[in-house]
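Work through the exercises below with the structure in view. Each task is followed by its solution in steps.

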Amino acid sequence: GVDVFLRRTGGDEVARLFVRPQKGGATRLLLDPAQLRDGKHHATILDFALAPDGRHAVVGIARDGDEYGELRFVEVATGKLLPDVVRGCFPESADWLDARRVEYLGYSEAAFASPNGNRVQHPRARAHVLAEAPERDVTLLGAGVNASLPLEANDFAAYIEAEDSPFVVASIGRGTRSDRRVYVTAKAGFDPKTAVWRQLADFDDFVRAAAPHGNDLYLLRRDTPRGRLVRLDLRRGRLADAQEVLAESPTVALTRLVLAKDGVYVAGLEVTETRLTFVPYQGGGERSVPLPPGVDASINGSPREPGIRAVVSGYTQPPQVLEGSAGGTLRPLPLVPQATGLPALHSEIVWVPAKDGVRVPMTLVHGEGAVRDGRRPTLLWAYGAYGIWTSPFYSVKAAVLAERGGVFAICHARGGG
């Protein structure tokens with residue numbers, strides 16, 4: 001197999017896509033977005049996904065800083081760009097259904113063509129087949145496609161297949177809500193227009209994520225303050241009958257689940273640090289997966305392989321890629337060169353009162369021995385919308401400020417989940 005990853009080194013305007021054999025070998029450039037530059041319009045890689053057979057990668061491209069864009073496809077063995085170009089889509093939405101089909105979220109071409117068009121109205125989950133014209137892409141989910149799955153103009157639908165499951169799942173988001181409406185139907189003979197969808201959860205059931213495995217559906221629910229993991233039998237089950245497989249933690253707020261071959265990996269936040277828990281499919285109790293202290297972890301896994309990959313980064317630690325399974329320690333992968341000569345950073349949490357008196361946490365990142373004398377140059381960063389939380393991240397700005405005696409302050413504003 002191979003590892004495909006984004007890397008940005010000194011002198012690069014944007015990150016480039018690289019590939020490296022897993023059993024050792026030279027790292028080589030797979031795609032430089034500069035080769036997609038269109039006149040004065042520069043290109044940026046926002047996301048990518050490797051096909052199950054490792055032969056192709058789908059790459060999400062945005063131009064001139066736009067969050068909407070196109071999908072391109074590259075042959076991993078040669079770096080050759082395929083002629084397929086899927087435009088009018090959200091570049092970070094693509095995922096492989098199998099070695100030939102990619103599911104993505106597409107938008108109205110008319111809205112893209114109009115300067116006043118609302119691009120986020122009537123998005124549709126579509127499937128593109130390699131080497132076929134994008135005009136032939138099939139709409140899987142969308143407003144007006146299927147009467148048994150009603151969708152509104154601002155609903156975002158994700159079509160979820162699992163190789164080992166006889167079911168397909170539709171996960172529906174609405175506007176800026178974090179909760180999902182969930183439906184299920186049979187995979188065999190699936191027809192987008194005639195399939196009979198059965199609703200499993202509504203927005204008020206506080207489902208944040210859904211992932212099928214065999215006849216089961218794992219649901220991350222936030223019907224408690226910090227969330228819990230439940231399992232539902234897709235053959236006949238209702239949400240009310242779901243079995244709890246990971247109870248609410250007194251300190252960790254659950255944020256994401258990943259299904260691997262050996263079980264379910266669940267990530268959560270304790271204040272600003274990621275905690276990782278493994279739940280085996282066959283039962284036997286959950287167990288903690290150790291992570292470096294003070295980091296956030298973006299986890300990825302595949303039902304075809306045991307274990308996970310995790311990109312870890314913290315306020316004082318540059319990004320690092322780890323891999324491993326619940327039975328052992330996560331070990332580093334040499335995909336990202338370790339930075340040298342960086343200043344030592346320190347972080348601490350302070351509490352500051354909001355206008356209404358509620359105390360809000362704030363992280364301060366600074367160099368060793370920094371004195372709180374009110375005279376330090378300070379950069380304040382905050383984000384609080386859409387239920388998106390602020391996880392620990394390494395900032396070059398913080399390193400530069402620390403070298404000059406300054407402070408990088410991150411306000412964990414309410415509204416961020």
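**Exercise 1. Count the disulfides and place two cysteines.**

Step 1. Take a disulfide as a pair of cysteine sulfur atoms within 2.5 Å. By this rule the chain has zero disulfides.

Step 2. Check how far two of the cysteines are covered, where buried means under 20% relative accessible area, exposed over 50% and partly exposed in between (1.4 Å probe, protein chains only). Cys 89 has a relative accessible area of 0% and is buried. Cys 411 is also buried, at 15%.

Step 3. Note the basis of these values. The model is predicted, so local features need pLDDT of at least 70 and side-chain atom pairs count only at pLDDT 80 or more, while totals for chains, interfaces and linings use all residues. Residues are numbered from 1 along each chain as its sequence is written, and side-chain values use heavy atoms, with hydrogens and water left out.

**Exercise 2. Describe the chain as a whole.**

Step 1. Count the elements, with helices (H or I, at least four residues) and strands (E, at least two) taken as DSSP runs numbered from the N terminus. The chain has two helices and 31 strands.

Step 2. Compare the radius of gyration, taken over C-alpha atoms, with the globule rule of 2.2 Å times the number of residues to the power 0.38. For 417 residues a compact globule would have a value near 22 Å, and the chain agrees with 22 Å. Its C-alpha trace spans about 70 × 55 × 50 Å along the principal axes.

Step 3. Find the buried share: 46% of the 417 residues.

**Exercise 3. Lay out the sheet that contains β24.**

Step 1. Two strands pair if DSSP finds at least two bridges between them. This gives an open sheet of four strands, in the order β24-β25-β26-β27, with antiparallel pairing.

Step 2. Find the edges. They are β24 (295-301) and β27 (331-333); each has a single partner strand, so one side of each lacks a neighbour in the sheet.

Step 3. Look at one pair. Strand β26 (residues 320-324) runs antiparallel to β27 and is joined to it by three bridges. Glu 323 has Arg 331 of β27 as its bridge partner.

**Exercise 4. Lay out the sheet that contains β28.**

Step 1. Write the order. This open sheet of four strands reads β28-β29-β31-β30, and its pairing is mixed.

Step 2. Find the edges. β28 (345-353) and β30 (378-382) each have a single partner strand, so one side of each is left without a neighbour in the sheet.

Step 3. Follow one pair. β28 and strand β29 (residues 359-367) are antiparallel and share nine bridges. His 346 stands opposite His 366 in β29.

**Exercise 5. Describe the surroundings of two loop residues.**

Step 1. Place Gly 406 in the loop between α2 (396-403) and β31 (407-411). Gly 406 is buried, at 1% relative accessible area.

Step 2. List its contacts (heavy atoms within 4.5 Å). Neighbours within four places in sequence aside, Gly 406 touches Val 365, His 366, Pro 377 and Leu 401. The C-alpha atoms of Gly 406 and Gly 367 are separated by 7.7 Å, with these positions 39 residues apart along the chain.

Step 3. Repeat for Ser 165, in the loop between β12 (155-161) and β13 (167-174). Ser 165 is buried at 3% relative accessibility. With neighbours within four places again left aside, Ser 165 is in contact with Lys 187, Pro 212, Gly 214 and Leu 234.
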